[in-house]
Amino acid sequence: MIYRAVYHSPLGEMYMVSDGKNLMALDFVEVVPERPLGEQAEKLDASLPVFATVRQWLDSYFQGGRPDFLPPLSLEGTPFRRAVWDIMRRIPYGMTVSYGKIAADVADILGKRRMSAQAVGGAVGHNPIAIIVPCHRVVGSDGSLTGYAGGLWRKKYLLELEGIHGGQLAR
């Protein structure tokens, strides 16, 4: 069974979606129609322990903290997308990485000569778990704020919350 609950963030309502044990999706309510998992949730149940953990993580984050734990996650996707999401999970708080750098890292992981930054952009755009898997920390090669399913204004807010101003690239 798939469960759903709502989190009231400073940036608007977010759906949390779980299989009962793991967080499968976290996204802003208005983005959900583009990502059907939230709409497929069979049961609204805010009392699941995983949702309490996600709320605790998000509350800490939005209060300017750096949560030192992760809720249990279940990321389902192609090997390419999972490789991109895994790299995103390792982007340090307060830092950004370019699509091109992630493309180079994924190429190394998958044993390819090169990888397209545009393909990485597609995988970043399909990240099912906003904020916790920090796709907002991925920027253009010049530090520009390109693309964010939740809206560029949210990406800017999240980066500024982390103290990032003007595209400080991690590597």
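Two strands are taken to pair if DSSP finds at least two bridges between them. In this predicted model, strand β1 (residues 3-9) and strand β2 (residues 12-18) satisfy that criterion, being joined by 7 bridges in an antiparallel arrangement.

**Overall organisation**

The chain contains 6 helices and 6 strands. Along the sequence these elements follow the pattern β-β-β-α-β-α-α-β-α-α-β-α. Of its 171 residues, 47% count as buried. When contacts between residues at least 6 apart in sequence are considered, 60% of them join residues at least 24 apart.

**The N-terminal strands**

A hairpin with 2 residues in the connection links β1 to β2. Within this pairing, Ala-5 has Met-16 of β2 as its bridge partner, and Tyr-7 stands opposite Met-14. In a regular strand the side chains alternate between the two faces of the sheet. For β1, the covered face consists of Tyr-3, Ala-5, Tyr-7 and Ser-9, while Arg-4, Val-6 and His-8 make up the uncovered face. Both Ala-5 and Tyr-7 thus belong to the covered face.

Strand β2 also pairs with strand β3 (residues 23-28), again in the antiparallel sense, over 5 bridges. Here Tyr-15 of β2 stands opposite Asp-27 of β3. The hairpin of β2 and β3 has 4 residues between the strands, and Gly-20 in this hairpin adopts a positive phi near 110°. Because 5 of the 7 residues of β2 are buried, this strand is largely enclosed by the rest of the structure.

The two hairpins are set out below.

| Strands | Sense | Bridges | Residues between strands |
|---|---|---|---|
| β1 and β2 | antiparallel | 7 bridges | 2 residues |
| β2 and β3 | antiparallel | 5 bridges | 4 residues |

**Helix α3 and its packing**

Helix α3 spans residues 79-89, and its buried residues are Phe-80, Ala-83, Val-84, Trp-85, Ile-87 and Met-88. These buried residues pack against α4 (99-110), α5 and β6.

**The annotated position Cys-135**

The UniProt record, an unreviewed entry, carries the annotation "active site" at Cys-135. Where does Cys-135 lie in the chain? Cys-135 is placed in the loop between α5 (117-125) and β6 (138-139). Is this residue buried or exposed? With a relative accessible area of 9%, Cys-135 is buried, since the cut-off for that class is under 20%. Leaving aside residues up to four places away in sequence, Cys-135 touches Met-88, Val-124, Asn-127, Tyr-148 and Lys-155. One of these contacts, Met-88, is also among the buried residues of α3.

**The second largest pocket**

Rolling a probe the size of a water molecule over the atoms shows where empty space is left. The second largest pocket has a volume of about 240 Å³. It is lined by 17 residues, of which Trp-57, Leu-70, Arg-89, Ile-132 and Arg-137 are the closest to its centre. By class, the lining comprises 12 nonpolar and 5 charged residues, with no polar ones. Arg-89, one of the residues closest to the pocket centre, falls within the range 79-89 of helix α3.

How values were computed. Residues are numbered from 1 along each chain as its sequence is written. This is a predicted model: local features need pLDDT of at least 70, side-chain atom pairs count only at pLDDT 80 or more; totals for chains, interfaces and linings use all residues. Side-chain values use heavy atoms; hydrogens and water are left out. On a 1 Å grid over the protein atoms alone, a cavity is a set of points where a 1.4 Å probe fits but cannot get out, and a pocket is an open set with protein on both sides within 12 Å along at least five of seven lines; lining residues have an atom within 4 Å of a point. Grid points are joined across faces, edges and corners, and a volume is the space filled by probe spheres set on the points. Ala, Val, Leu, Ile, Met, Phe, Trp, Tyr, Cys and Pro count as nonpolar, Asp, Glu, Lys and Arg as charged, and the others, Gly among them, as polar. UniProt positions are given in the numbering used here, feature names are shortened, and annotations may be inferred rather than shown by experiment. Buried means under 20% relative accessible area, exposed over 50%, partly exposed in between (1.4 Å probe, protein chains only). Contact means heavy atoms within 4.5 Å.
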